[in-house]
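Thank you all for coming. I would like to walk slowly through one structure this morning, so please have a look at it before I begin.

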Amino acid sequence: VHEAIRHYTRAAELFDDEDERVGIWKSVGKLYNDIDRPDLAADSYQRVLDSYADGDPTDLAEANLQLGLSLLDGYRFREAVEHLGAVTALKPTNGLAQLSIADTQRDLGNAEAAVQRYRRVMKHRPRDFTALTGLAFTYHGNGSYEKAISTYHKAQAVNPTAPEVEYALRALRNPAADGEKGNNRSGGHGGGQLLRAPPGYVSFLFDLVGKRKSFLENPDPEPRTRPRSLAANTSDAKKADADAAKPEAEAAVGQEDAEEDGATPAVDEESQAAAADVAALETEAAVARARDAMKEFNLIFGIVFKHLVPMIRDFVQDALQMRNIDGWHWLDVLDLGCGSGEVALAFRGLSNRIVGVDISKVAIALSRRTKLYNELHHADFSAVLEVIDASTMDVVTAADSLPYFGDLEGLFASAAAVLRGGGVFAFNLDTLESTSSRRSGGNRPFLLRHTGRWMHSPSYVRELAVVHGFRIVREVALRSEVRDVVWEDGELLASDKLVPVQGAVYVLQKK
């Protein structure tokens, strides 16, 4: 690919024809996106946009769209929204641009702006499944459960087989409504089994977490593009810029004259919406909003246990008798659900090789930035475990990953298979207390909570450890809080209260 890009770039220098050069830079931009270099892809699409000085609206919209999407992949959110807003101003029915703006506002915690954008899409396409699920997840993420459930049901009517929507609805189901029907929250539903979160649900969740984390770490990166929107659609861009710079008083006089003549001032609704979206990302206010939204999001979805990775590292060192011997670099580590790369950072003084796996594309990109992983796989780690050679790993970690699985039988079997003798499997779970198990209709080994995470009985974990040839060397309790919920007249409502939630870190050693 790099060789192809080199030849394309040389060709662009040699061609005199502007259309040929534009075609080349489009191809280069696509290739850079294919190799996960959205920054360089954005540079290429900026060249395309610069070539459309007197551009046709369709060409301008497409160039801004590709540039905006590349900027989003590079977590340059404000710049991306500027270019995507230019698309919607030129082509109001462009669903991809509208959805991308809506997703960005949702991901950065601006639920109100996101809802408005999703509704714009559904104004033209009321059965748009992507818009419906995005809107439902926006409501879900800020605790508007009644609206979330209603919108999830609308999405399910469009696509009845979508597992992510079914899973969200099951998690938000009133346990009292399950009665004698197999208790959907503990595995049975309809004719099948609900034994884990669908990969699409988990990637959706942690793509958002990763984007919000990236924004909070670098909310105002140095701009690398030159936005050109409606001004580029005129034959004289400079004149458009000059008109835009006229004093406000003069503009007000013009509006008054129009009103006196009985005319209605022209209002470009899409341009105003685009400007509002960009203004919503002004750094100081946007950072405060994103930080507050992240805190509430974590409480709602139960992502509340902190400092898991340092704890796991310490326990693994104890189990392998490796205290105070950083620098040996002999451990082969498999990191399941690698997130932003915390395990690689914690184990870099102990590891010979680290392999990371995550279903979230954003998480993989963040882990790649650390440059500490020998291999990274964007995949469902339960599938990756099945193809790793037996007895090739010393440590398997799963920090805040296993709570998205109910049935752990297959994962325990796979972890035991890839570990060498004496190897360590370290992970955390949300704890299913005996009282919660009894309330659900019996002694359940695992139960789906309204947070979308599964709680597991400690006795279930201990039984699996024995069956698969492990001994438990650590079992340490965790405590935190999540947002409480109440059911009133069959409706799920967010509570102002926080309720305790228990978890545990387990360290198992293969015999």
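Before I point at anything, one term has to be fixed: a residue is called buried when its relative accessible area is under 20%, exposed when that value is over 50%, and partly exposed in between. Please also keep in mind that what you see is a predicted model.

Let me start with the chain as a whole. It has 22 helices and 11 strands, and of its 511 residues, buried ones make up 50%. If we take the contacts between residues at least 6 apart in sequence, 66% of them join residues at least 24 apart.

Now to helix 15, which covers residues 283–301. How far apart should its ends be? With 19 residues at 1.5 Å a residue, helix 15 should span 27 Å, and because its end C-alpha atoms are 26 Å apart, the expected and the modelled lengths agree. The buried residues in helix 15 are Ala286, Val287, Ala290, Ala293, Met294, Phe297, Asn298, Leu299, Ile300 and Phe301. As background, an α-helix has 3.6 residues a turn, so residues three or four places apart point the same way. What covers the buried residues of helix 15? The cover includes helix 8 (129–141), helix 9 (145–158) and helix 11 (199–217), together with strand 10 (470–488) and strand 11 (491–510). Just after helix 15 comes Gly302, which has a positive phi, near 75 degrees.

Helix 7 can be read in a similar manner. Its 14 residues should span 20 Å at 1.5 Å a residue, and its end C-alpha atoms are 21 Å apart, which agrees. Here the buried residues are Ala113, Ala114, Val115, Arg117, Tyr118, Val121 and Met122, and they pack against helix 5 (77–90), helix 6, helix 8 and helix 14 (269–279). In the loop between helix 6 (95–107) and helix 7 (111–124) sits Asn110. Is Asn110 buried or exposed? Its relative accessible area is 10%, and therefore Asn110 counts as buried. Leaving aside residues up to four places away in sequence, Asn110 touches Gln105, Ala280 and Arg289.

Two further residues bring together parts of the chain that are separated in sequence. Val22, in helix 2 (residues 18–34), is buried, with a relative accessible area of 6%. Between Val22 and Leu49 there are 8.8 Å from C-alpha to C-alpha, although they are 27 residues apart in sequence, and the contacts of Val22 beyond four places in sequence are with Val48, Ser51 and Tyr52. Phe129, for its part, lies in helix 8 and, at 25% relative accessibility, counts as partly exposed. The C-alpha atoms of Phe129 and Ala157 are separated by 9.3 Å, with their positions 28 residues apart along the chain, and Phe129 touches Ala155, Val158, Asn159, Ala162 and Val165, again not counting residues up to four places away in sequence.

That leads us to the interior. In soluble globular proteins, nonpolar side chains tend to be buried together. The largest nonpolar core in this model holds 73 residues, of which Tyr152, Leu334, Leu402, Leu408, Phe412, Phe425 and Phe427 touch the most other members. Helix 8 gives the most to this core, with six residues. A second, separate core has 39 residues, including Ile5, Val48, Tyr52 and Leu366.

Finally, the pockets. The largest pocket has a volume of about 1300 Å³. It is lined by 47 residues, and the closest to its centre are Asp73, Tyr75, Lys211, Lys361 and Val362. Among the elements that give two or more residues to this lining are helix 3 (38–51), helix 4 (57–73) and helix 18 (361–370). By class, the lining of the largest pocket divides into 20 nonpolar, 12 polar and 15 charged residues.

The second largest pocket has a volume of about 990 Å³. Of its 37 lining residues, Phe206, Val209, Ile303, Glu342 and Asp400 are the closest to its centre. Which element gives the largest share of this lining? That is helix 11, with seven residues. The lining of the second largest pocket has 20 nonpolar, eight polar and nine charged residues.

Notes. Residues numbered from 1 in each chain as written. Predicted model: local features only at pLDDT ≥ 70, side-chain atom pairs only at ≥ 80, totals over all residues. Heavy atoms only, no water. Helix = DSSP H or I, 4+ residues; strand = E, 2+ residues; numbered from the N terminus. Buried < 20%, exposed > 50% of the residue type's maximum accessible area, 1.4 Å probe, protein only. Contact = heavy atoms within 4.5 Å. Expected span 1.5 Å × (residues − 1). 1 Å grid on protein atoms, 1.4 Å probe; cavity = no way out; pocket = protein on both sides within 12 Å on 5 of 7 lines; lining within 4 Å. Points joined across faces, edges and corners; volume = space filled by probe spheres on them. Nonpolar A, V, L, I, M, F, W, Y, C, P; charged D, E, K, R; others polar. Core = buried A, V, L, I, M, F, W, Y, C linked by side-chain atoms within 4.5 Å.
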